[in-house]
Amino acid sequence: MSVLAYDLGAGSGRALLGHLNDRGMETMEIHRFKNEPVKAGERLHWDILRLHHELLEGLNLVKQKGEQPESLGIDSWAVDFGLLGSHGELLGNPYHYRDAQFNGMMDQVRQELTSQRIFERTGIQFLSFNTLYQLATLKRSGSPLLNEAERFLMIPDLLRYFLTGEAVNEFTNATTTQLYNPTIGHWDGELLAHIGISETLFGEAVMPGTRVGQLRSSICNDLGLSAIPVIAVAEHDTASAVVAVPATERSFAYLSCGTWSLMGTEIDHPAISSESLALNFTNEGGAGGTFRLLKNIMGLWILQECMREWERKGQGTNYAELLSRAELAPPFASLFDPDDERFMPAGDMTTRIQQYCRDTGQAEPQDQGAIARSILESLALKYRRVLEWTEQLSRQSFNGLHMVGGGIQNRLLCQWTANSIGKPVWAGPAEGSAIGNMAVQWMASGAFKDIWEARKVIRDSFPVTDYEPKDRTIWEETYGRFLRLTASSESQA
Ligand code: LFR
């Protein structure tokens, strides 16, 4: 019997079938599609109906393969949402978290409430696009959507609602809003009251592994499938990715590497302290009663944006070619803090990197290889910084770093990360989120007794590539330079 996992990233989505048998776990990709945001007027939206359409197409392909999955689950990026009106219809198109309308609201709300108060109640890092600030923006700009809204659903909740008709909020994603209080296990009434949003929009958040309805009969009839139970998995993609980390020990560090880089460790209770606030770490809800003490790092977004820019200018290049040019470019010529706010919006990324280098008295990278090299080296150096903070906060010392997600296909990044942190990197699996999504479905059916049994099977089923640290002296010296360079722009709370 198989399970079906939909994993939606900020750039693409996929549907994978998973099989579990005596030999372990196997995955088969059955559908891959683009997820392209749409700018309409000045607003940036997700193309939510297209995504729904692609989920249906995935089901169609499942049917054509003669499969009848025992369950399905959806995970996606966090913080974004849709609002339902009184007839259960979607009001407007969900906004993209990089939409410029949300700029500035985080600073306002922090001033009004203080960072301490918001952090004590949620344990969530300050990111300008958190749902808290998105909703405050809509409220304060008098958005008519809020007058009509009866229900708040996050992206996977919404897509699951389209498939089942059941409107249910899921826990891991709920925590990322910065409106959920993990201490009381409920949406935070005080924060909602402050921004003038009614608590009645929010339902009790169900835990990962909860069965939340089944595929609508109209869809089953159209596709000729029997009813499929739908599971609320760890619906935040990062939560799913962490389930799939093939760790052998309770104490481990991970880096989930996609558009974003998410680095941290798994803990049993939120670490809400002045120290985690000062370092701007987050405590996002995980599967199996865990929390993710982690920090967002801007990640491969910067490289992806450069590639899109070159494409637009007719200078497009493929990934493998770009990486070999990066490898040949001069080392450590131009370094920058990937988490500088200027790299957040889409657009002219190469100019912004060059401007940063100019501002800091460094050589400006000119050609594509030099630009790619400066991005990957800067990321590897930032990973060391954040790994040290993770060790400091969790009072642990890690003997290596697990890397999961599509970003591990970039071998240069994996090797440079090992060089930078001075510890081995264990890279795999690449489809971390989809595999974690499946694992939670099998935890729900009882095929896995818990997250640790799932991790053992994942470890035995998928290849992991080891990268040993090299060139330590030069990386160590450069880290000192990186710290001096980034001291002023460093993203702390
Ligand atoms: C990764 C991710 C991050 C979240 C960002 C925005 O895909 O889910 O965890 O901070 O996207 O939602």
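# A tour from strand 16 outward

In strand 17, Met263 is the bridge partner of Leu255. Select these two residues to start; the model on screen is a predicted one.

**Stop 1: strands 16 and 17**

Widen the selection to strand 16, residues 253-257, and strand 17, residues 261-267. The two strands run antiparallel and are joined by five bridges. A hairpin of three residues leads from strand 16 to strand 17. As background, the strands of a sheet pair through backbone hydrogen bonds, and the pairing is either parallel or antiparallel.

Now show the side chains of strand 16. Which way does each one point? Ala253, Leu255 and Cys257 point one way, Tyr254 and Ser256 point the other way, and all are buried. The strand is thus described as mostly covered, with five of its five residues buried.

**Stop 2: strand 20**

Next select residues 401-404, which make up strand 20. Strand 20 runs parallel to strand 16, and three bridges join them. Look for two facing positions. Tyr254 stands opposite His402 of strand 20, and Ser256 stands opposite Val404 of strand 20.

**Stop 3: the whole sheet**

Add the remaining strands. How many strands form the open sheet, and in what order? There are seven, in the order 18-19-17-16-20-21-22, with mixed pairing. The edge strands are strand 18 (282-285) and strand 22 (465-467), and each of them pairs on one side only. From one strand to the next, the twist averages 30 degrees.

With the sheet still displayed, select helix 15, residues 368-394. Helix 15 packs on the sheet and touches strand 16, strand 17, strand 19 (291-297) and strand 20. Its direction makes about 20 degrees with that of strand 17.

**Stop 4: loops around the sheet**

Move to Asn399, in the loop between helix 15 and strand 20. Is Asn399 buried or exposed? Asn399 counts as exposed because it has 10 C-beta neighbours inside 10 Å, and the limit for an exposed residue is 12 or fewer. Draw a distance from the C-alpha atom of Asn399 to that of Val425: the two are 9.4 Å apart in space and 26 residues apart in sequence.

Val425 is also where strand 21 (425-427) begins. Follow the chain into the loop between strand 21 and helix 17 (432-445), where Pro429 is found. The peptide bond that joins Gly428 and Pro429 is cis, with omega of about -5 degrees.

Then go to Asn280, in the loop between helix 11 (274-278) and strand 18. Phi of Asn280 is near 55 degrees, a positive value in a residue other than glycine. Asn280 counts as buried because it has 20 C-beta neighbours inside 10 Å.

**Stop 5: the annotated domain**

Select residues 4-243. In UniProt, an unreviewed entry annotates this stretch as "domain: Carbohydrate kinase FGGY N-terminal". Over these residues the chain is 35% helix and 27% strand. The end C-alpha atoms of the stretch are 16 Å apart.

Within this range, go to Gln178, in the loop between helix 7 (171-175) and strand 11 (180-181). Gln178 is another residue other than glycine with a positive phi, here near 65 degrees. Around Gln178 lie 25 other C-beta atoms within 10 Å, so the residue is buried.

**Stop 6: helix 1**

Finish with helix 1, residues 48-64. How far apart are its end C-alpha atoms? They are 24 Å apart, which agrees with the 24 Å that its 17 residues should span at 1.5 Å a residue.

Color the buried residues of helix 1: Leu51, Glu54, Leu55, Gly58, Leu59 and Val62. Turn the view to look down the helix axis. The buried residues fall within an arc of 145 degrees, so they line one face of helix 1. On the other side of the helix, Leu49 and Gln64 are exposed.

What do the buried residues of helix 1 pack against? Select strand 1 (2-8), strand 2 (12-21) and strand 3 (24-34), then helix 6 (155-164) and helix 9 (217-223), to see the packing partners. The last thing to pick is Gly66, just after helix 1, which takes a positive phi of about 75 degrees.

Terms used:
Residues numbered from 1 in each chain as written. Predicted model: local features only at pLDDT ≥ 70, side-chain atom pairs only at ≥ 80, totals over all residues. Pairing = 2+ DSSP bridges. Helix = DSSP H or I, 4+ residues; strand = E, 2+ residues; numbered from the N terminus. Axes fitted to C-alpha atoms, helices over the stretch in contact; angles between N-to-C directions. Contact = placed C-beta atoms within 7 Å. Expected span 1.5 Å × (residues − 1). Arc of directions from axis to C-beta. UniProt positions renumbered as here; feature names shortened; annotations may be inferred.
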